[in-house]
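Subject: Structure handover

Hello,

Here is the structure I promised to pass on. Please open it before you read the notes.

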Amino acid sequence: MGAVGSGCSTGKRCLAIDQIALRGVVRSENGMIAVVVNTMDKAYFLRENDPVFNGYVTKITPDSIIFKETFRDRLGKEMTRDVTKTIIRPAA
């Protein structure tokens, strides 16, 4: 788990982007809310600009969530990249 050893145990700030799955998106009066689950299938609600363990939410669309992920390259230089997660549809 990406957050292990970081002193982080629960909450949205402990969600590692590579371990999040998007389950749905809800439209509210204050914008879009993404429903995501972690590897233990625990649900969390994320809004734009919410911080997570290794980045933050930049945009939520009706079928996706986009994160700005912070990572280190092979030389140890800190970099960022956009990561898009789309809703996972169950197989019929």
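My notes follow, from the whole chain down to single residues.

**Whole chain**

Please keep in mind that this is a predicted model. The chain has seven strands and zero helices. Its pattern along the sequence is therefore simple to write, β-β-β-β-β-β-β. There are 92 residues, and 36% of them count as buried. The exposed surface comes to about 6200 Å². Carbon and sulfur atoms supply 50% of that area. I also looked at contacts with a sequence separation of 6 or more. Residues 24 or more positions apart account for 34% of those contacts.

**The sheet of β1, β2 and β3**

Start with the open sheet of three strands. Its order is β1-β2-β3, and the pairing is antiparallel. Which strands stand at the edges? They are β1 (21-28) and β3 (43-46). Each has a single partner strand, so one side of each is left without a neighbour in the sheet. From one strand to the next, the twist averages 25°.

Now the first pair. β1 and β2 (residues 31-37) are antiparallel and share seven bridges. A hairpin of two residues connects β1 to β2. To check the register, take S28, whose bridge partner in β2 is G31. Further along, V25 has A34 as its bridge partner in β2.

The second pair is β2 with β3. These strands also run antiparallel, joined by four bridges. A34 turns up again here, opposite L46 in β3. Thus A34 links to both neighbours in the register: V25 is its partner on one strand, and L46 stands opposite it in β3.

How covered is β2? Six of its seven residues are buried, so the strand is mostly covered by the under 20% cut-off.

**The loop between β2 and β3**

The hairpin of β2 and β3 has five residues between the strands. Look at D41 there, which takes a positive phi near 65°.

N38 is found in the loop between β2 and β3 too. Is N38 buried or exposed? Its relative accessible area is 14%, so N38 is buried, given that buried means under 20%. The side chain of N38 reaches the backbone nitrogen of K42 at 2.9 Å. Leaving out residues up to four places away in sequence, N38 touches L15, Q19 and Y44.

**Strands β4, β5 and β6**

Next, the hairpins further along the chain. β4 (residues 51-52) and β5 (residues 55-61) run antiparallel, with two bridges between them. The hairpin that joins β4 to β5 passes through two residues. V52 stands opposite G55 in β5.

β5 then pairs with β6 (residues 64-72). That pair is antiparallel as well, and six bridges join the strands. Two residues lie between β5 and β6 in their hairpin. For the register here, use V57, whose bridge partner in β6 is F67.

**D82 in β7**

The last stop is D82, which is found in β7 (residues 78-86). What is the relative accessibility of D82? The value is 49%, so D82 counts as partly exposed. The cut-off for exposed is over 50%.

Which residues does D82 contact, once neighbours within four places in sequence are left aside? They are I66, F67 and K68. With K68 there is a polar contact as well, side chain to side chain, at 2.9 Å. F67 is also the bridge partner of V57. Y56 is a further reference point for D82. The two are 26 residues apart in sequence, and their C-alpha atoms are 9.9 Å apart in space.

**Where to look**

If time is short, I would pick three places. Take A34, opposite L46 in β3. Take N38, for its 2.9 Å approach to the backbone nitrogen of K42. Then take D82, for the polar contact with the side chain of K68.

Best wishes

How values were computed:
Residues are numbered from 1 along each chain as its sequence is written. This is a predicted model: local features need pLDDT of at least 70, side-chain atom pairs count only at pLDDT 80 or more; totals for chains, interfaces and linings use all residues. Side-chain values use heavy atoms; hydrogens and water are left out. Two strands pair if DSSP finds at least two bridges between them. Axes are lines fitted to C-alpha atoms, for helices over the stretch in contact, and angles run from 0 to 180 degrees between N-to-C directions. Buried means under 20% relative accessible area, exposed over 50%, partly exposed in between (1.4 Å probe, protein chains only). A polar contact is a pair of N or O atoms within 3.5 Å; within protein, one must be able to donate a hydrogen and the other to accept it, and residues adjacent in sequence count only if both atoms are side-chain atoms. Contact means heavy atoms within 4.5 Å. Accessible areas come from the Shrake-Rupley method with a 1.4 Å probe; for residues, only the protein chains shown count as cover.
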